[in-house]
Amino acid sequence: MVMVPRIAVVSCLGTIPFIYGVQHSAKLHAELLLSDPTETIRRFYDREVDMALVPSSAVPMLPACKVVTGYCLGGLEEYKKQLMASDDPYVEMWKEWCELPFPFAVWVAHPEVDVDFIEDFEYALTDGLEHSYEALVESGMFEDAVAAYSEFLAFDYIYDTQKTQALQKFWDAGLKVSPHANPG
């Protein structure tokens, strides 16, 4: 029996190109699960999914995960509130380092995820970003796709050395989040 990899991601303006790329990939065969950030973290933590786009602050509490792909979800100062709750200590701490480029969310995978799958996945993300306007239009989430596209351009998707260094500095500071417990 072939196991289809499962990927969790939040559906919002910044992730629409990623979702589009995965949904339209001819090579990538995966189940895409859309949920809120807390549920995405929980699904990855509980190993219900193989890969996920999670808030960077959650990575240190995820056992044996690895950051994968050259993509992340970063943005300008004015978009932080869209990406994270304004009272989140993660955002508060980043404000102290606002001169650093920062990835608010990164793609993580469990160690056993096949490297070929990750390569196909990264190709799908690239394709989605290259077709970002089409992705916004197809999503149907916006009445004015042109206005949405101009907001989309404020996001920074490249996970580069500067963002890796900023993230490591952040993790070294020891701030972590944990998924909210479900009391029911």
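Student: At what angle do helix H6 and helix H7 pack, and how far apart are their axes?

Tutor: In this predicted model, helix H6, which covers residues 132-139, packs against helix H7, residues 145-152, at an angle of about 130 degrees, and their axes are 10 Å apart.

Student: Why is H6 called oblique to H7?

Tutor: Angles of 65 to 115 degrees count as roughly perpendicular and angles over 145 as roughly antiparallel, and the angle here is about 130 degrees, so H6 is oblique to H7. The crossing in which H6 passes H7 is right-handed.

Student: Which residues make the contact of H6 with H7, and how do they divide into nonpolar, polar and charged?

Tutor: From H6 come Ser132, Tyr133, Leu136 and Val137, and from H7 come Ala145, Val146, Ala148, Tyr149 and Phe152. Of these residues eight are nonpolar, one is polar and none is charged.

Student: What makes H1 and H5 oblique to each other?

Tutor: Helix H1 (residues 16-24) and helix H5 (residues 115-130) cross at roughly 120 degrees, and their axes come within 7 Å. Because the range for roughly perpendicular is 65 to 115 degrees and roughly antiparallel needs an angle over 145, H1 and H5 are oblique to each other. Their crossing is right-handed. Where they meet, H1 offers Pro17, Phe18, Tyr20, Gly21 and Val22, while H5 offers Phe121, Ala124, Leu125, Gly128 and Leu129. This contact of H1 with H5 has eight nonpolar residues, two polar ones and no charged ones.

Student: Why, then, are H1 and H6 described as roughly perpendicular to each other?

Tutor: H1 and H6 pack at an angle of about 90 degrees, with 9 Å between their axes. Since angles of 65 to 115 degrees count as roughly perpendicular, that is the description that fits H1 and H6. On the H1 side the contact is made by Ile16, Pro17, Tyr20 and His24, and on the H6 side by Ser132, Glu134, Ala135, Leu136, Glu138 and Ser139. Here the division is five nonpolar, three polar and two charged.

Student: Turning to the strands, how do you know that S1 pairs with S2 and with S3?

Tutor: Pairing requires at least two bridges between two strands. Strand S1 (residues 6-9) is joined to strand S2 (residues 31-34) by four bridges, and two bridges join S1 to strand S3 (residues 51-55), so by that cut-off S1 pairs with S2 and with S3. S1 runs parallel to S2 and also parallel to S3. As for individual partners, Val9 stands opposite Leu34 in S2, whereas Ile7 has Met51 in S3 as its bridge partner, and Ala8 stands opposite Ala52 in S3.

Student: Through which helix does the chain cross from S1 to S2, and is this crossover right-handed or left-handed?

Tutor: The chain passes through H1 on its way from S1 to S2, and this β-α-β crossover is right-handed.

Student: What makes S2 and S6 the edges of the sheet?

Tutor: The open sheet has six strands in the order S2-S1-S3-S5-S4-S6, and its pairing is mixed. S2 and strand S6 (155-158) each have a single partner strand, so one side of each is left without a neighbour in the sheet, and they stand at the edges. From one strand to the next, the twist averages 20 degrees.

Student: Which strands does H1 lie across?

Tutor: H1 lies across S1, S2, S3, S4, S5 and S6, and runs at about 155 degrees to S2.

Key: Residues are numbered from 1 along each chain as its sequence is written. This is a predicted model: local features need pLDDT of at least 70, side-chain atom pairs count only at pLDDT 80 or more; totals for chains, interfaces and linings use all residues. Side-chain values use heavy atoms; hydrogens and water are left out. Axes are lines fitted to C-alpha atoms, for helices over the stretch in contact, and angles run from 0 to 180 degrees between N-to-C directions. Angles under 35 degrees count as roughly parallel, over 145 as roughly antiparallel, 65 to 115 as roughly perpendicular and the rest as oblique. A crossing is left-handed if the near helix is turned anticlockwise from the far one by less than a right angle, and right-handed if clockwise. Contact means heavy atoms within 4.5 Å. Ala, Val, Leu, Ile, Met, Phe, Trp, Tyr, Cys and Pro count as nonpolar, Asp, Glu, Lys and Arg as charged, and the others, Gly among them, as polar. A crossover is right-handed if, with the strands pointing away from the viewer, the path from the first strand over the helix to the second runs clockwise.
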